[in-house]
Amino acid sequence: MKFSMSGYPRGLTLGIWVAASCLAAPLGLCLVSTPSYALSEIQRGDLPSPVAPPGDSGTAVPEPSAPIPDPLGTKPSDNGQPTDDTNKSQPEAPSGSGGITSPRADPEAPPPAVVYELDRLPEPVKRMHGMLIEACKSGDIEKLRPLIGQGDSMTQLSLGDIDGDPIAFLKGLSGDGDGQEILAILEEVLSAGYVHVDTGTPQELYVWPYFFALPLDKLDSRQRVELFKLVTASDYDDMKQFGAYIFYRVGITPAGQWMFFVAGD
């Protein structure tokens, strides 16, 4: 049986039209929204993944605009830039710890002239040298006391501080306990050749023995014989490894002050 739309009562026709319109509206909205949703999915797929928000804060963490530097003490990343933690402005430490008493051997500098003639010494230096030799030959270490002096002008007898009486200190260094051995060493040192160092400066000195200012590996056979009057062959090997003469040495200023009588490095 066929029905014609014109055959329905007017009210029924209007109701059917309204119902059809209501059904069509949601369908139209679905059709319109579907392409927009698909497009947003395609665009999102082309973007980098967003940073996940921390915990429950609900706030996204922005990406850093510059690389974060490595923590202190870690190896830097290979960015082609060499790194150097050394403070170049800091000077190197001196090889000796005894100030003006330190060995002066410099392999790069021309060695100072070795002198044996005492007549070439300034008169104050020559006088002090003679008094020291005389005290040594006496066998009485007390004869050194007035030459050592006291206070700021006292002769340096150790690379460190000494406590108590300087003559007692020297006796303690002597193997015999009375100071004769140390007197023999002092005389032998003063009998060797000497060098004149730091000429024209406040540190100017006449120093015995001359090994103080010469590289030990440059000594000739005659000079090594003179050295073995003071040290053993084993001592010589140890000094070569250290790089300088570190046995007893004596320094006297141009004004005749006995500055030091020390051993060590």
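Which residues touch the most other members of the largest nonpolar core? They are L144, L170, W208, W258 and F261. The core holds 49 residues. Keep these five names in mind, as some of them come back below.

First, a word on confidence. This is a predicted model. Its mean pLDDT is 75, and 63% of the residues reach 70 or more. Residues 1–98 have a pLDDT below 50. Beyond near neighbours in sequence, that stretch has 20 contacts in the model. Where pLDDT is low, the predicted coordinates should not be read in detail.

Now look at the sheet. It is open and has 4 strands, in the order β1-β2-β3-β4. The pairing is antiparallel. β1 and β4 stand at the edges. Each has a single partner strand, so one side of each is left without a neighbour in the sheet. On average, neighbouring strands are turned by 20° against each other, direction ignored. Strands of a sheet pair through backbone hydrogen bonds, either parallel or antiparallel.

Go through the sheet pair by pair. β1 and β2 are antiparallel and share 3 bridges. Here V197 stands opposite L205 in β2. β2 and β3 are also joined by 3 bridges, again in the antiparallel sense. Y206 has I252 in β3 as its bridge partner. Then comes the pairing of β3, residues 249–252, with β4. These two strands run antiparallel, and 4 bridges join them. V250 has F261 in β4 as its bridge partner. I252 stands opposite W258 in β4. So I252 appears in two pairings: with Y206 and with W258.

β3 and β4 also form a hairpin, with 5 residues between them. G256 sits in the turn and has a positive phi of about 90°. A positive phi turns up at D198 too, at about 55°, although D198 is not a glycine. D198 lies in the loop between β1 and β2. Is D198 buried, partly exposed or exposed? D198 is partly exposed, with a relative accessible area of 31%.

How well are the strands covered? In β4, residues 258–262, 4 of the 5 residues are buried. β2 is covered on both faces. L205 and V207 lie on one side, Y206 and W208 on the other, and all are buried. Helix α2 packs on the sheet and touches β2, β3 and β4. The direction of α2 makes about 140° with that of β3.

Return to the core for a moment. L170 is one of the five residues named at the start. Which residues does L170 contact, leaving aside its neighbours within four places in sequence? They are I141, L144, I148, L157, I182 and F261. Two of these names, L144 and F261, are also among the five.

Next, follow the chain out of β2. W208 and P209 are joined by a cis peptide bond, with omega about -10°. P209 lies in the loop between β2 and α6, residues 221–227. Y210 is in that loop as well.

Y210 leads to the aromatic rings. The structure holds 9 aromatic pairs. One of them joins Y116 and Y210 edge-to-face, 6.2 Å centre to centre, with 70° between the planes. This pair links distant parts of the chain, 94 residues apart. Y116 is in the loop between α1 and α2, whereas Y210 is in the loop between β2 and α6. Their surroundings differ in exposure. Y116 counts as partly exposed because its relative accessibility is 37%. Y210 counts as buried because its relative accessibility is 0%. Ring pairs link Y116, Y210, F211 and Y245 into a cluster. F247 and Y248 form another edge-to-face pair, with ring centres 5.1 Å apart and planes at 80°. Both F247 and Y248 are buried.

Finish at helix α5, residues 180–190, where E188 is found. What does E188 contact, leaving aside its neighbours within four places in sequence? E188 is in contact with K229 and L230. E188 and K229 are 41 residues apart along the chain, yet their C-alpha atoms are separated by 7.9 Å. E188 counts as partly exposed, because its relative accessibility is 34%.

Notes: Residues are numbered from 1 along each chain as its sequence is written. This is a predicted model: local features need pLDDT of at least 70, side-chain atom pairs count only at pLDDT 80 or more; totals for chains, interfaces and linings use all residues. Side-chain values use heavy atoms; hydrogens and water are left out. A nonpolar core is a set of buried Ala, Val, Leu, Ile, Met, Phe, Trp, Tyr and Cys residues joined through side-chain atoms within 4.5 Å. Buried means under 20% relative accessible area, exposed over 50%, partly exposed in between (1.4 Å probe, protein chains only). Contact means heavy atoms within 4.5 Å. pLDDT is the predictor's confidence in each residue, from 0 to 100. Two strands pair if DSSP finds at least two bridges between them. Rings of Phe, Tyr and Trp (its six-membered ring) pair if their centres lie within 6.5 Å; planes under 30 degrees apart count as stacked, over 60 as edge-to-face and the rest as tilted. Axes are lines fitted to C-alpha atoms, for helices over the stretch in contact, and angles run from 0 to 180 degrees between N-to-C directions.
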